[in-house]
Amino acid sequence: MAQFYIDPSASNFQAFKDLPRDEPIHMLNLLRYRDHAEYPEGHEHHGNGWSGRRAYEEYGKTSGPIFSRVGGEIVWRGAFQTMVTGPDDKEWHDGFVAQYPNSGAFFEMIKDPDYQLAVINRTAALIDSRLMRFEPGEAGGGFG
C-alpha cells in the first residue's frame with residue numbers, strides 16, 4: 001500500500017529543529033500533484049475546478065514574497081522524467097531545491113500568518129511530497 005506525505009511528522013520536524021540553526025540549508029522538494037485540487041469547504045478556492053498544479057502555482061504566488069523576504073531562493077528546479085533508481089510506482093511531477101540563509105529563516109517563513117494562509121494552497125495541490133534538508137556542499141567537479 002502506497003504511503004503519501006504532505007506535512008512532516010512530529011518526530012521528523014523535531015529532528016529538523018534539533019539541527020544547527022545558524023548555517024545555510026538546502027531543502028530538496030519533490031512534488032506530486034493531485035488531478036483536482038482539494039480545498040476545504042468554505043475556502044475561497046473550494047469548487048473552482050483547479051488542478052493540483054494550478055493550486056501549487058497559487059501557493060507559489062502567495063508564499064513567494066514571504067520566501068524572498070526571509071532570504072530564500074530557488075537554486076535548482078526540474079521536471080520529472082523517469083525513475084532510474086527507486087520504486088517503479090513513484091513518479092514526481094516537479095522538483096526543486098530551495099536555499100535558505102539558515103533554518104531560522106525557514107522557521108520565520110512558516111510562522112508568518114500570511115504564509116499559513118498560503119500553505120492551504122500547497123495542501124490542496126499535493127497528493128504526495130518529500131521535503132529533505134541538506135547541508136550545502138561544493139558544486140561542480142566529480143562525484144567525490
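Trainee: At what angle do α2 and α4 pack, and how far apart are their axes?
Mentor: Helix α2 (residues 52-69) and helix α4 (residues 113-125) pack at about 160°, and their axes are 7 Å apart. Axes here are lines fitted to C-alpha atoms, for helices over the stretch in contact, and angles run from 0 to 180 degrees between N-to-C directions. Helices are DSSP runs of H or I with at least four residues, strands are runs of E with at least two, and both are numbered from the N terminus.

Trainee: Is α2 roughly parallel or roughly antiparallel to α4?
Mentor: The angle makes α2 roughly antiparallel to α4, a term used for angles over 145 degrees, while those under 35 count as roughly parallel, 65 to 115 as roughly perpendicular and the rest as oblique.

Trainee: Which residues meet there?
Mentor: From α2, the list includes Y56, E58, Y59 and I66; from α4, it includes Y115, V119, N121 and R122. Contact means heavy atoms within 4.5 Å. The residues of this contact divide into eight nonpolar, four polar and three charged. Ala, Val, Leu, Ile, Met, Phe, Trp, Tyr, Cys and Pro count as nonpolar, Asp, Glu, Lys and Arg as charged, and the others, Gly among them, as polar.

Trainee: What should I know about the model itself?
Mentor: This is a predicted model, in which local features need pLDDT of at least 70 and side-chain atom pairs count only at pLDDT 80 or more, whereas totals for chains, interfaces and linings use all residues. Residues are numbered from 1 along each chain as its sequence is written, and side-chain values use heavy atoms, with hydrogens and water left out.

Trainee: Back to E58 in α2: buried or exposed?
Mentor: E58 counts as buried because its relative accessibility is 8%. Buried means under 20% relative accessible area, exposed over 50%, and partly exposed in between, with a 1.4 Å probe and protein chains only.

Trainee: And what does E58 contact beyond its sequence neighbours?
Mentor: Leaving aside neighbours within four places in sequence, E58 is in contact with H45, W50 and N121.

Trainee: Now the sheet: what is the strand order?
Mentor: Four strands form an open antiparallel sheet in the order β2-β3-β1-β4. Two strands pair if DSSP finds at least two bridges between them. β2 (73-79) and β4 (126-134) stand at the edges with a single partner strand each, so one side of each has no neighbour in the sheet.

Trainee: How many bridges join β1 to β3?
Mentor: Seven bridges join β1 to β3 (residues 94-100), and β1 (residues 25-33) pairs with β4 over eight. L31 stands opposite D94 in β3, and its bridge partner in β4 is S129.
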